[in-house]
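Reader: I'm new to reading protein structures, and I'd love a close look at one part of this one. Could you walk me through the sheet and whatever packs on it?

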Amino acid sequence: MTHPICGLNTPENELLKSILRVAKSLHRAAKSDSRPHSLPVLRRLISSETFHQTSLPELYRRRETIQRKHILQMLALEAGSLNWSEYKKKIQAQPEEQPLDYSLALKHAGYPNIWFTSLPEAETYAAAQGGQPIPVGKQAVVIPAQ
């Protein structure tokens, strides 16, 4: 059955479906009682400025209020879009053979990943230690080379 709003069963939306699955997983992790699962996502929500003027301890206490729309907004901001609607249009316009979004690369990278405050720091580390640096908003992560 085709989703009435997005036509999610059409082949050209495989990337969108993958990103929505990542968002679902991140949403579940953000609301988790397990700090190792929730804190990385909560930090990303704060870093992306999806939640303005909210401290990490406060957001952790209020994590049940986090909705999927917040996760989608975070992913959009980290990808350089202004909002989810704009990001979704960009995703749908991409040819199928384009490389996967960084959030999908992170999903398959395993845990733990090494995070840096900037892409140049991650690139320096990866040059010395190996791995693939990936920009995530203003931050970066190094995942094992594939």
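Author: Happy to; here is a short tour of the sheet, followed by a glance at a pair of helices. Keep in mind that this is a predicted model.

Let's start with the strands. There are 3 of them, forming an open sheet in the order 1-3-2 with antiparallel pairing. Strand 1 (114-116) and strand 2 (132-136) are found at the edges, and each has a single partner strand, so one side of each lacks a neighbour in the sheet. From one strand to the next, the twist averages 25°.

What holds such strands side by side? Strands of a sheet pair through backbone hydrogen bonds, in either a parallel or an antiparallel way. Here, strand 2 and strand 3 (residues 139-143) run antiparallel and are joined by 5 bridges. To follow a bridge yourself, find P135: its bridge partner in strand 3 is A140.

Now look for the helix that goes with the sheet. Helix 7 (residues 119-129) lies across strand 1, strand 2 and strand 3, and runs at about 170° to strand 2.

For a helix-on-helix view, turn to helix 1 (residues 14-30) and helix 2 (residues 35-47), whose axes come within 7 Å and cross at roughly 110°. The two helices are therefore roughly perpendicular to each other, and their crossing is left-handed. Helix 1 makes the contact with L26, A29 and A30, while helix 2 brings H37, S38, V41, L42 and R44. Sorted by type, the residues of this contact are 5 nonpolar, 2 polar and 1 charged.

Terms used:
Residues are numbered from 1 along each chain as its sequence is written. This is a predicted model: local features need pLDDT of at least 70, side-chain atom pairs count only at pLDDT 80 or more; totals for chains, interfaces and linings use all residues. Side-chain values use heavy atoms; hydrogens and water are left out. Axes are lines fitted to C-alpha atoms, for helices over the stretch in contact, and angles run from 0 to 180 degrees between N-to-C directions. Helices (H or I, at least four residues) and strands (E, at least two) are DSSP runs, numbered from the N terminus. Angles under 35 degrees count as roughly parallel, over 145 as roughly antiparallel, 65 to 115 as roughly perpendicular and the rest as oblique. A crossing is left-handed if the near helix is turned anticlockwise from the far one by less than a right angle, and right-handed if clockwise. Contact means heavy atoms within 4.5 Å. Ala, Val, Leu, Ile, Met, Phe, Trp, Tyr, Cys and Pro count as nonpolar, Asp, Glu, Lys and Arg as charged, and the others, Gly among them, as polar. Two strands pair if DSSP finds at least two bridges between them.
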